[in-house]
Amino acid sequence: MRLALALIASLTAALPAGAENRAVVIGNSDYLNAPDLAGADLRPVVEALGAARFRIGEATDLGSDDLRRYLGALTIPDPQPTARIVVLNGRFLHGSGETWFMGTNAQEPGLFGAGVQGVPLSVIMRLISDGRPGAVLMLGTDAQKMPVKAGLESGIGGLVPPQGVAVITGTP
């Protein structure tokens with residue numbers, strides 16, 4: 001939590017007056033076909049972001065369609081981008097150089113199914129990379145496995161964030 005507060009403070013320190021920082025916070029913990037994620041309470045993060053005057057979009061337990069719709073807000077152009085923070089707690093799958101954040105309705109996906117049942121982190125990082133002075137992607141999960149087909153593994157794979165994006169991973 002201290003690290004999150006320090007990052008929020010550093011991102012907001014140099015903002016011009018009237019600038020609007022934006023954050024998206026999603027906590028998927030109640031999965032239909034995978035172990036539930038324990039300890040996924042995001043209230044402390046939401047409160048810290050609110051205290052730092054971020055405009056926050058917050059959701060819980062989103063299926064794949066709702067997850068894509070909700071994160072679609074990141075595609076809206078911003079003429080004056082400011083700090084961006086995306087917090088995702090839930091189940092992740094990785095394979096073939098990509099990591100996906102999975103919707104709560106994911107059902108034992110393979111490489112093709114992961115893109116339908118989840119959202120690729122490479123796209124999320126690209127969408128927040130114009131944040132000024134920077135952007136943070138915070139990912140929370142645990143060691144429990146999600147059922148997958150050949151070619152995928154549970155968890156967060158190796159990520160290569162674009163310039164200006166910091167990635168933090170850990171337990172919820």
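Eight salt bridges turn up in the structure, which is a predicted model. A handful of them hang together, so to speak: Glu20, Arg22, Arg55, Asp78 and Arg84 are joined into one network by salt bridges that share partners.

Glu20 is a handy place to start. One of its partners is Arg22, with the closest N and O atoms 3.5 Å apart. Another is Arg55, where the closest N and O atoms sit 3.2 Å apart. The Arg55–Glu20 pair ties together parts that are 35 residues apart in sequence, because Arg55 belongs to strand β2 (residues 54-60) while Glu20 belongs to the loop between α1 (2-12) and β1 (21-27). As for solvent, Glu20 comes out as partly exposed, at a relative accessible area of 35%. Arg22 is partly exposed too, at 22% relative accessibility, and Arg55 also falls in the partly exposed class, at 46%.

The network also takes in Asp78 and Arg84. These two form a salt bridge with each other, and their closest N and O atoms are 2.1 Å apart. Here the surroundings are buried: Asp78 has a relative accessibility of 17%, and Arg84 has one of 7%. With the cut-off for buried set at under 20% relative accessible area, Asp78 makes it into that class at 17%.

Next up is helix α2, which spans residues 43-51. Its buried residues are Val45, Val46, Ala48 and Leu49. These residues are on the same side of α2, because they cover an arc of only 160 degrees around the axis. That fits the usual helix geometry: with 3.6 residues a turn in an α-helix, residues three or four places apart point the same way. The other side of α2 has Arg43, Glu47 and Ala51, which are exposed. Just after the helix, Arg53 adopts a positive phi of about 65 degrees.

Further along the chain, Gln117 is part of helix α4 (residues 111-117). Gln117 counts as buried, with a relative accessibility of 17%. Its side chain puts a polar atom 2.4 Å from the backbone nitrogen of Gln107. Gln107 also shows up among the residues that Gln117 touches, once those up to four places away in sequence are left out. The rest of that list reads Ser64, Arg68, Met102, Gly103, Asn105, Ala106 and Pro109.

Strand β6 (residues 118-120) is where Pro120 is found. Pro120 is partly exposed, its relative accessible area being 21%. Leaving out residues up to four places away in sequence, Pro120 is in touch with Glu98, Thr99 and Trp100. Phe92 makes a useful reference point as well: Pro120 and Phe92 are 28 residues apart in sequence, yet their C-alpha atoms are 9.6 Å apart in space.

Definitions and conventions
Residues numbered from 1 in each chain as written. Predicted model: local features only at pLDDT ≥ 70, side-chain atom pairs only at ≥ 80, totals over all residues. Heavy atoms only, no water. Helix = DSSP H or I, 4+ residues; strand = E, 2+ residues; numbered from the N terminus. Buried < 20%, exposed > 50% of the residue type's maximum accessible area, 1.4 Å probe, protein only. Contact = heavy atoms within 4.5 Å. Salt bridge = Lys/Arg side-chain N within 4 Å of Asp/Glu carboxyl O. Arc of directions from axis to C-beta. Polar contact = N/O pair within 3.5 Å; in protein donor to acceptor, adjacent residues only side chain to side chain.
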